[in-house]
Every structure is written in C-alpha cells, then in structure tokens.
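This briefing goes through one protein model and its bound ligand. The topics are the ligand site, two sheets and two points of backbone geometry.

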Amino acid sequence: MFGLIGHSTSFEDAKRKASMLGFDHIADGDLDVWCTAPPQLVENVEVKSATGISIEGSYIDSCFVPEMLSRFKTARRKVLNAMELAQKKGINITALGGFTSIIFENFNLLQHKQIRNTSLEWERFTTGNTHTAWVICKQLEINAPRIGIDLKKATVAVIGATGDIGSAVCRWLINKTGISELLMVARQQEPLALLQKELDGGTITSLDEALPQADIVVWVASMPKTIEIDTDNLKKPCLMIDGGYPKNLDEKFQGENIYVLKGGIVEFFNDIGWNMMELAEMQNPQREMFACFAEAMILEFEKCHTNFSWGRNNISLEKMEFIGAASLKHGFSAIGLDKQPKVLT
Ligand code: NDP
C-alpha cells in the first residue's frame, strides 16, 4: 500500500476544501483551531499500472497550511502526526509532499522518532525528490528543443542549486546532457563551492546575473512571493521550469517567447478515479500529480519498500535512472508545454 501526505496551498484554500469534504467542525475555525486539528485520511484509491499490476493507496491531509511555517512546533507536530497516521494505517511507503519533506529536513525531525506509542519507521517514507529531479531533467531535455533551444549550445541556470532536488538536477545536467554552461544560484556560498567541487564544473553566480544569460532556468527554491523580475532582460526564447512549491512563476514571467512549464508534475496513462489531485489543483486531476507523490506509487508497484529518497543531497544518477525507468514502465510521463494551455508565446 502507498500513501501520500499532502496539504493545502493556503489557509483560505484549506477552509474551502474542508467545507467541500464535510469537515465543518474545522472549516469554520480560525488558524489556532487549524493548528490543533489532527491529520485526516481523506481518500483511499486503487491504481492499475500500465503493466497490469494493481496497488492500493491513501491520501492523508496533514492539516498543515503554509501560514503555519513560522510556528515551528505546530509545523513539526503536523508532519509527525501525519507520518504516525500513515504508519498506523499500515502503509508501506508514503511520500512527504509539498512543504512536508522540507519541514522534516529543515527542522531535523529525524530526532523525533517516538510519537506517543508509535516508533516511526523511516523506511516507510520517501521525500520523492529523486523522481522529482528526474522528471524536471526530462522536462528540460524534451521541451527545450521544442521551442528552438539547442541543448548543446544552451546555458542553464539552476536556482536552488544546492538543494536536494537542485543538486541532483545539476549532477544530471553536467553528466548526462552536454549543455554548454551551468549557472548555479543559491544564497549560501559554501555549499555552492562544495557542489562546484563535486561536479568539477558549473559557475557560481547570483540570480540577477544568471537570468539574462540563461536559455533555460530551473527554479527549485521556494522563492518569496515579492520577488520582482524584469522580463525584458531575459533571453528569447527562454524556458522556465517552475519546480518550486507553490507553483506561481507563470504570474511573474508573462511575455513573448517566454515559456513557463510546471516542473515536477507527471501524468498517468489512465484516469485514476480519485479526488485528491482536485484538492491539489492539477489541470487534469484524474491523471496529473506531483512527481514526489508518483514516487511512492512507483515504489509500491516495484515492491521497493524503502526510504528511496531520504536525507539531503544523496540523490545519485543511478537512483534517478532506476526511478525514471520504473516511472515510464508503469505509465507515467512528464507533463510538457503542449499540455499547458497557459503557455505564453
Ligand atoms: P531544499 O531546501 O533542499 O533546497 C532549497 C534550495 O533553494 C537551496 O539550494 C537553497 O539554498 C535555495 N534557496 C532558498 N531560498 C532561496 C532564495 N531566496 N534565493 C536563491 N536560492 C534560494 O529544497 P528541495 O530541493 O527539497 O525542494 C526545492 C523546491 O521544490 C521546494 O520549493 C519544494 O517545495 C519543491 N518541491 C516540488 C515538488 C514537485 O513539484 N513535484 C516535489 C518536492 C519538492 P540557500 O538556502 O543557500 O539559498
């Protein structure tokens, strides 16, 4: 059995969805009420792979909302309680979606193994970041040529290069694609220098310097909503892959020959018959989902019950190749520009 732990993109959104689902006791509550709300198992589903294998899974809403990020203890409790619920339901492999995996890592929740009478078994959980990184790389490789960008001549900027997903994307770009130049952006300089050393390549630069040089920009950092970008200074054509969460780059990059692609989203080959991705506001919610969620499904299809993506900056090319091959085998594909009516030309 696979599990997905998710959450709403905002408090307002969470209240609207709770009301739709009939959770009236919390739908009308203020943020303090939501801070104390327990996780909810919202849906059970059966999914059949392209190979014919069937698996069962559950979607758990942690009742966390991004407005709680500054409330350290609340955020920690939300994530751990949702993980406890997944384990108590006997779920073999559960993906930590949205901010859940970032809270787990950044708040060092590894030291909180014991939740009441449950000792959390880490091998039952995955961040899903290996599949997300692989999907973003495939989206880049497939979509850049479609808009006239020759990868061999392309300069690619990775914003959030030192992150778990960003470092894996950099590793793949340097070793597997033959791109002309890799620009690496993050705030802290020391991890950037270490990454450059590991890759034996890539140029460390700032966001302002990277954007005008880049044919392709991979965004794998949660950027502040207030960030201002002058689209006149971008190359044309320019491919923007919005791999961060929440996905809001299409609001910022409107202009001729600027193509914004939702990064880290996959489509299943068949309708799944679930409601959970409507809650996540996918364009085709019967088939589309976050790649991190799909990783839990793929691991369950493969009977690979292990914390496949875990810790920070452990994603190897071999693991990306394994999850990528399994993803295709079971009927997932990365969404592309042609799937997005919102493409701006
Ligand atoms: P990490 O926390 O591991 O990495 C974040 C990276 O962004 C670091 O390199 C960090 O470096 C950098 N960063 C953060 N803020 C800024 C800033 N203001 N300017 C420049 N760089 C910045 O995160 P993950 O790799 O786990 O996840 C990356 C993003 O992908 C997140 O937004 C996450 O929510 C999203 N995600 C999306 C998924 C999907 O759509 N399928 C699945 C999983 C995650 P530094 O701190 O030095 O700046």
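There are 26 residues around the ligand, and those that come nearest are Thr162, Arg187, Gln188, Ser222 and Gly264. The model is a predicted one. The points below begin with the ligand and then move to the sheets and the loops.

**Ligand site**

- A backbone N or O atom of Gln188, one of the residues that come nearest to the ligand, lies 2.8 Å from a ligand oxygen atom.
- Arg312 uses its side chain: one of the N or O atoms there is 2.9 Å from an oxygen atom of the ligand.
- At Gly160 the backbone is involved, with a polar atom 3.4 Å from an oxygen atom of the ligand.
- On its own the ligand has 930 Å² of accessible area, and the protein covers 90% of this.
- Three elements each give two or more residues to the shell around the ligand: helix H6 (129-146), helix H7 (164-177) and helix H12 (291-301).
- By residue type, the shell around the ligand holds eleven nonpolar residues, eleven polar residues and four charged residues.

**Five-stranded sheet**

- This open sheet has five strands with mixed pairing, and their order is S2-S3-S1-S4-S7.
- Strand S2 (40-48) and strand S7 (125-126) are the edge strands, each of which pairs on one side only.
- Strand S4 (residues 93-96) and S7 run parallel and are joined by two bridges.
- Thr94 has Phe125 of S7 as its bridge partner.
- Helix H12 packs on this sheet, where it touches strand S1 (2-6), S2, strand S3 (54-61), S4 and S7.
- The direction of H12 makes about 170° with that of S1.
- H12 therefore appears under two topics here, as it packs on the five-stranded sheet and also gives residues to the shell around the ligand, where a residue counts if one of its heavy atoms lies within 4 Å.

**Three-stranded sheet**

- A sheet of three strands is also open, with antiparallel pairing and the order S15-S14-S16.
- Its edges are strand S15 (288-290) and strand S16 (332-334), and each of these pairs on one side only.
- On average, neighbouring strands in this sheet are turned by 40° against each other, with direction ignored.
- Three bridges connect strand S14 (residues 265-268) with S15, and the two strands run antiparallel.
- One bridge partner pair is Ile265 and Phe290, the latter in S15.
- Helix H6 lies across S14 and S16, and runs at about 90° to S14.
- H6 is also one of the helices that give two or more residues to the shell around the ligand.

**Backbone geometry in loops**

- The peptide bond between Lys236 and Pro237 is cis, with omega at about 0°.
- Pro237 has its place in the loop between strand S11 (216-219) and strand S12 (238-242).
- Cys63 is not a glycine, yet its phi is positive, at about 60°.
- The loop that holds Cys63 is between S3 and helix H4 (72-88).
- S3, at one end of that loop, is a strand of the five-stranded sheet and is touched by H12.

Technical notes. Residues numbered from 1 in each chain as written. Predicted model: local features only at pLDDT ≥ 70, side-chain atom pairs only at ≥ 80, totals over all residues. Heavy atoms only, no water. Polar contact = N/O pair within 3.5 Å; in protein donor to acceptor, adjacent residues only side chain to side chain. Areas by Shrake-Rupley, 256 points an atom, 1.4 Å probe, with all protein chains shown as cover. Nonpolar A, V, L, I, M, F, W, Y, C, P; charged D, E, K, R; others polar. Pairing = 2+ DSSP bridges. Contact = heavy atoms within 4.5 Å. Axes fitted to C-alpha atoms, helices over the stretch in contact; angles between N-to-C directions.
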